[in-house]
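Subject: Structure handover

Hi,

Here is the structure we talked about. Please open it alongside this email, and read the notes below with the model on screen.

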Amino acid sequence: MDDAEAQMIARRVREELARRRLSRQALADMARVSISTLEKALSGRRAFTLATVVRLEQALGVPLQKTSTPSVDPLAASPDSLGAYSQNAVRWLEGRYLTLRPSFGTPGDIYAYATIIQWDAEQGCLMFSESERLDSSFSQNGKVSLPHLSGHIYLVTNVEGQYRLAVLGRPTIQGALYGILTTLMVGHGSQLIPAAAPFVLSRLKTETEIAFGRITPEHPDYVRYRAELDLVTADGFAHFPK
């Protein structure tokens, strides 16, 4: 594309970021492009590729090119292994969520970050990606399974056969999902050991100020975040047998 079109796309992306109060890192995570690629394209140091523009259009939900890209069939279904759901049937789940779980490193603290769920045309299913994590090198990306039989939502990460799984109930009227995270945590030395914990995804509004990171008992949002985590067991969304 020519310089004029590239500048127009960069300007439109910057406008959308300002309007939605999204960080460039959050957009890069939503579009599944590197932050370096996005920064260089927006500054004019690197030309936009067609693949990058298409991913940005899908992430923002707005056309960026002069010529609109072919629309994705909204009736196309995900693989049977993920529940065979169509794009139209799962639009209600797409969005950006505040994600809460207990801190594995410091008992009593809460770990807060963001999770984006959106349809991926290439994969033909919903995908999720994490951002705003203190340990960004451990940010997870994976597929979303919605089998009709269980009525639950599964966030599945599979990296060379190593799995991480979140099992969540259907959203409440407030748009929150409650359930369990099963993963690996650092044990003695570099040893990894299995761990399970309450897990909450609460839909974010773009205008809301949100605290991410490690939330200690002294933090002003601690009581609210702790109450959300306690609902996992208090309201029967999950059970931890003793």
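Below is what was found, from the overall fold down to single residues.

Please keep in mind that this is a predicted model.

**Overall fold**

The protein has 5 helices and 9 strands. Starting at the N terminus, the order of elements is α-α-α-α-β-β-β-β-β-β-β-β-β-α. The radius of gyration is 19 Å, close to the 18 Å that the globule rule gives for 242 residues, so the protein is as compact as a globular protein of that length. Along the principal axes, the C-alpha atoms fill a box of roughly 65 × 40 × 40 Å. Of the 242 residues, 43% count as buried. Take the contacts with a separation of 6 or more: 49% of them come from residues 24 or more positions apart.

**Helix α2 and its surroundings**

Start with α2, residues 24-31. This helix is mostly covered, with 6 of its 8 residues buried. Those buried residues are A26, L27, A28, D29, M30 and A31. What do they pack against? Their partners are the helices α1, α3 and α4 (50-60), plus the strands β1 (95-102), β2 and β3 (125-131).

The pairing with α3 deserves a look. Two packed helices are described by the angle between their axes and the distance between the axes. For α2 and α3 (residues 35-43), the axes come within 9 Å and cross at roughly 115°. The crossing is right-handed. On the α2 side, the residues in contact are R24, Q25, L27 and A28. On the α3 side, they are I35, L38, E39 and L42. By class, this contact has 5 nonpolar, 1 polar and 2 charged residues. Note that L27 and A28 appear both among the α2 residues that meet α3 and among the buried residues of α2.

**R32, just past the helix**

R32 follows directly after α2 and takes a positive phi of about 60°. R32 also forms a salt bridge with D120, with the closest N and O atoms 2.3 Å apart. Where do the two partners sit? R32 is in the loop between α2 and α3, while D120 is in strand β2 (residues 110-120). They are 88 residues apart, so the pair links distant parts of the chain. The two ends differ in exposure: R32 is partly exposed at 33% relative accessibility, whereas D120 is buried at 6%.

**Other salt bridges**

How many salt bridges does the structure hold? There are 9. Here are two more of them, in addition to the R32 and D120 pair.

The first pair is within a helix. The side chains of E16 and R12 meet in a salt bridge, at 3.6 Å from N to O. Both residues lie in α1 (residues 3-20), 4 residues apart, or about one turn of the helix. Is E16 buried or exposed? E16 has a relative accessible area of 6%, which makes it buried. R12 has 28% and is partly exposed.

The second pair is R224 with D221, whose closest N and O atoms are 3.3 Å apart. R224 is partly exposed, at a relative accessible area of 43%. D221, at 19%, counts as buried, because the cut-off for buried is under 20%.

There is also a network. E130, R133 and R164 are joined into one by salt bridges that share partners.

**Two more positive phi angles**

E132 is not a glycine, yet has a positive phi of about 60°. Its place is the loop between β3 and β4 (141-145). At 29% relative accessibility, E132 is partly exposed.

E160 is another residue other than glycine with a positive phi, near 55°. E160 is found in the loop between β5 (153-159) and β6 (162-168). Is E160 buried or exposed? With a relative accessible area of 83%, E160 is exposed.

**Where to look**

For a quick tour, begin at the α2 and α3 crossing. Then go to R32 and follow its salt bridge to D120. Finish at the loop that holds E160.

Best wishes

Conventions: Residues are numbered from 1 along each chain as its sequence is written. This is a predicted model: local features need pLDDT of at least 70, side-chain atom pairs count only at pLDDT 80 or more; totals for chains, interfaces and linings use all residues. Side-chain values use heavy atoms; hydrogens and water are left out. Axes are lines fitted to C-alpha atoms, for helices over the stretch in contact, and angles run from 0 to 180 degrees between N-to-C directions. A crossing is left-handed if the near helix is turned anticlockwise from the far one by less than a right angle, and right-handed if clockwise. Contact means heavy atoms within 4.5 Å. Ala, Val, Leu, Ile, Met, Phe, Trp, Tyr, Cys and Pro count as nonpolar, Asp, Glu, Lys and Arg as charged, and the others, Gly among them, as polar. A salt bridge is a side-chain nitrogen of Lys or Arg within 4 Å of a carboxyl oxygen of Asp or Glu. Buried means under 20% relative accessible area, exposed over 50%, partly exposed in between (1.4 Å probe, protein chains only). The radius of gyration is taken over C-alpha atoms; the globule rule is 2.2 Å times the number of residues to the power 0.38.
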